[in-house]
Amino acid sequence: MNRSRLQPLALALVFALGGPPAVAGTATEELHAGLQSLDRNDYAGAEIHLKNALQQRPDLAPAQVALGHTYLRQGRFELAESTLQGALRLGAERADIDPLRMYLKLRQGEFQAVLDGFDPYRHTGAARAHAAPAR
């Protein structure tokens with residue numbers, strides 16, 4: 001069969017199987033789009049983009065952090081907690097995770113847990129200055 005006769009057959013097969021595949025961006029593009037959606041308070045859009053990014057690159061810690069933030073903003077606290085824990089396992093910075101987790105605990109009414117987990121030196125240069133030897 002020549003090429004001109006195969007093209008219509010191939011197109012018919014593609015559309016019979018559910019249409020052409022959706023064109024997805026790279027994981028980085030999906031992450032960027034997810035962050036933009038999150039900034040616009042479009043949580044459904046953010047969730048879609050961030051899940052797409054993680055599907056392509058499951059080790060993309062910033063996407064995991066942003067997805068946890070999205071779940072937190074949606075009031076989906078259990079998902080937020082497990083997603084943020086996953087981000088920590090992927091190597092996300094505690095400085096990015098801890099404020100979200102504290103906010104999560106506040107939203108859940110766990111005030112003592114916030115106070116117990118708060119370390120004023122962790123997120124500032126004060127810890128380094130305090131630990132630095134006097135000259």
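The paragraphs below lead through a predicted model, beginning with its nonpolar core and moving on to two helix pairs and one loop residue.

The largest nonpolar core of this predicted structure holds 25 residues, and those with the most contacts inside it are Leu-50, Leu-60, Ala-63, Val-65, Leu-72, Ala-92 and Ile-97. Five helices, namely α2 (27-39), α3 (43-56), α4 (61-74), α5 (77-89) and α6 (94-107), each supply at least two residues of this core. Of these, α4 gives the most, with seven residues. A useful residue from which to look around is Ala-63, which, once its neighbours within four places in sequence are left aside, is in contact with Leu-31, Leu-50, Ala-53 and Leu-54.

The next step is to see how helices pack against one another. Two packed helices are described by the angle between their axes and the distance between the axes. For α2 and α4, the axes come within 10 Å and cross at roughly 25°. Because angles under 35 degrees count as roughly parallel, α2 is roughly parallel to α4. Their crossing is left-handed, and the contact is made by Leu-31, Leu-35 and Leu-38 on the side of α2, together with Pro-62, Ala-63, Ala-66, His-69 and Thr-70 on the side of α4. Sorted by character, the residues of this contact are six nonpolar and two polar, with no charged residue among them.

A second pair is formed by α5 and α6, whose axes lie 10 Å apart and which pack at an angle of about 160°. Since an angle over 145 degrees counts as roughly antiparallel, these two helices, α5 and α6, are roughly antiparallel to each other. Here, too, the crossing is left-handed. In this contact, Phe-77, Ala-80, Glu-81, Leu-84, Gln-85, Ala-87 and Leu-88 of α5 meet Arg-94, Ile-97, Leu-100, Arg-101, Leu-104, Lys-105 and Arg-107 of α6. The residues of the contact between α5 and α6 divide into eight nonpolar, one polar and five charged, whereas the contact of α2 with α4 has no charged residues.

Finally, attention turns from the helices to a loop. Most residues other than glycine have a negative phi. Asn-41, however, has a phi near 60°, which is a positive value in a residue other than glycine. This residue, Asn-41, is found in the loop between α2 and α3. Its relative accessibility is 45%, and because partly exposed covers the range between 20% and 50%, Asn-41 counts as partly exposed.

Terms used: Residues numbered from 1 in each chain as written. Predicted model: local features only at pLDDT ≥ 70, side-chain atom pairs only at ≥ 80, totals over all residues. Heavy atoms only, no water. Core = buried A, V, L, I, M, F, W, Y, C linked by side-chain atoms within 4.5 Å. Buried < 20%, exposed > 50% of the residue type's maximum accessible area, 1.4 Å probe, protein only. Helix = DSSP H or I, 4+ residues; strand = E, 2+ residues; numbered from the N terminus. Contact = heavy atoms within 4.5 Å. Axes fitted to C-alpha atoms, helices over the stretch in contact; angles between N-to-C directions. Parallel < 35°, antiparallel > 145°, perpendicular 65-115°, else oblique. Left-handed = near helix turned anticlockwise from the far one by under 90°. Nonpolar A, V, L, I, M, F, W, Y, C, P; charged D, E, K, R; others polar.
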